[in-house]
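Trainee: Please pick one part of this structure and look at it closely. How does that part sit in the rest of the chain?

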Amino acid sequence: MNTELLRKIDELLCTHEYDKIKEVLLTYKNITEHSNELATIFYLTKIYEQEKDARQKTIFEKVQNVSQLLERYTVLKFYLRRIDFDVIGNGLQEFYLFLIQNEISSYELITIIEYSVVHKEKVLKVIKGKELHE
């Protein structure tokens with residue numbers, strides 16, 4: 001059933017029926033809660049709703065399928081955790097390039113920071129280019 005739901009989400013992404021994604025995941029709440037992929041997609045619907053309300057291009061419009069959506073989330077989380085644990089090194093420019101190329105909105109960035117890192121303020125300061133130790 002997990003695979004069938006992922007296929008259904010893929011179909012909704014392809015047909016641009018983004019508002020139905022959360023509904024489908026809630027309809028199969030028990031399955032969604034026990035699948036990392038489906039739970040992550042459910043979590044990303046929050047970003048979709050924020051961007052939609054702000055009349056911005058949404059996270060779902062920026063991908064073609066579930067695989068791209070999950071990869072986007074994973075890579076962004078990876079960069080943020082590297083910043084959090086002071087192992088980004090010279091990769092900050094690469095991170096900024098990722099943000100631009102993937103059209104990461106402030107809603108997406110802030111939401112994923114909120115749920116993915118330990119030292120939120122520190123990560124935000126690094127992203128803004130401010131000193132870590134003031």
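Mentor: Glu51 is buried, since its relative accessible area is 0% (buried is under 20%, exposed over 50%, partly exposed in between; 1.4 Å probe, protein chains only). The model is a predicted one, in which local features need pLDDT of at least 70 and side-chain atom pairs pLDDT 80 or more, while totals for chains, interfaces and linings use all residues. Residues are numbered from 1 along each chain as its sequence is written, and side-chain values use heavy atoms, without hydrogens or water.

Glu51 belongs to helix H4 (helices are DSSP runs of H or I, at least four residues, and strands runs of E, at least two, numbered from the N terminus). Leaving aside residues up to four places away in sequence, Glu51 touches Gln56, Lys57, Thr58, Ile59, Lys62, Ser105, Tyr107 and Glu108 (contact: heavy atoms within 4.5 Å).

Now the helix around Glu51. H4 has 18 residues, which at 1.5 Å a residue should span 26 Å, and the C-alpha atoms at its ends are indeed 26 Å apart (expected span: 1.5 Å times one less than the number of residues). Besides Glu51, the buried residues of H4 are Leu38, Thr40, Ile41, Tyr43, Leu44, Thr45, Ile47 and Tyr48. Their cover includes H1, H2, helix H3 (29-33), H5 and H7. After H4 comes Arg55, with a positive phi near 60°.

H5, one of the helices that cover H4, runs over residues 66-84; its 19 residues should span 27 Å, and its end C-alpha atoms are 27 Å apart, in agreement. Buried in H5 are Val66, Leu69, Leu70, Arg72, Tyr73, Leu76, Tyr79, Leu80, Ile83 and Asp84. The cover over these residues includes H4 (36-53) in turn, along with helices H1 (2-14), H6 (92-101), H7 (106-116) and H8 (120-128). Just after H5, Asp86 has a positive phi of about 55°.

H4 and H5 both contribute to the largest nonpolar core. That core holds 39 residues, and Ile21, Ile41, Leu76, Leu80, Phe95 and Leu109 have the most contacts inside it (a core is a set of buried Ala, Val, Leu, Ile, Met, Phe, Trp, Tyr and Cys joined through side-chain atoms within 4.5 Å). Two or more residues each come from H1, H2 (19-27), H4, H5, H6, H7 and H8. H5 gives the largest share, 8 residues. Phe95 touches Leu76, Tyr79, Leu80, Ile83, Leu109 and Ile127, again not counting residues up to four places away.

Aromatic pairs come next: the whole structure has 9 of them (Phe, Tyr or six-membered Trp rings with centres within 6.5 Å; planes under 30 degrees apart are stacked, over 60 edge-to-face, the rest tilted). In one pair, Tyr79 and Phe98 have ring centres 5.5 Å apart and planes at 45°, so the pair is tilted. It joins distant parts of the chain, since Tyr79 is in H5 and Phe98 in H6, 19 residues apart. Tyr79 is buried at 9% relative accessible area, and Phe98 also counts as buried, at 11%. Ring pairs link these two with Phe78, Phe95 and Tyr96 into a cluster.

As for the setting, the protein chain has 8 helices and 0 strands. Its C-alpha atoms fill a box of roughly 50 × 30 × 20 Å along the principal axes. Of its 134 residues, 40% count as buried. Among contacts between residues at least 6 apart in sequence, 59% join residues at least 24 apart.
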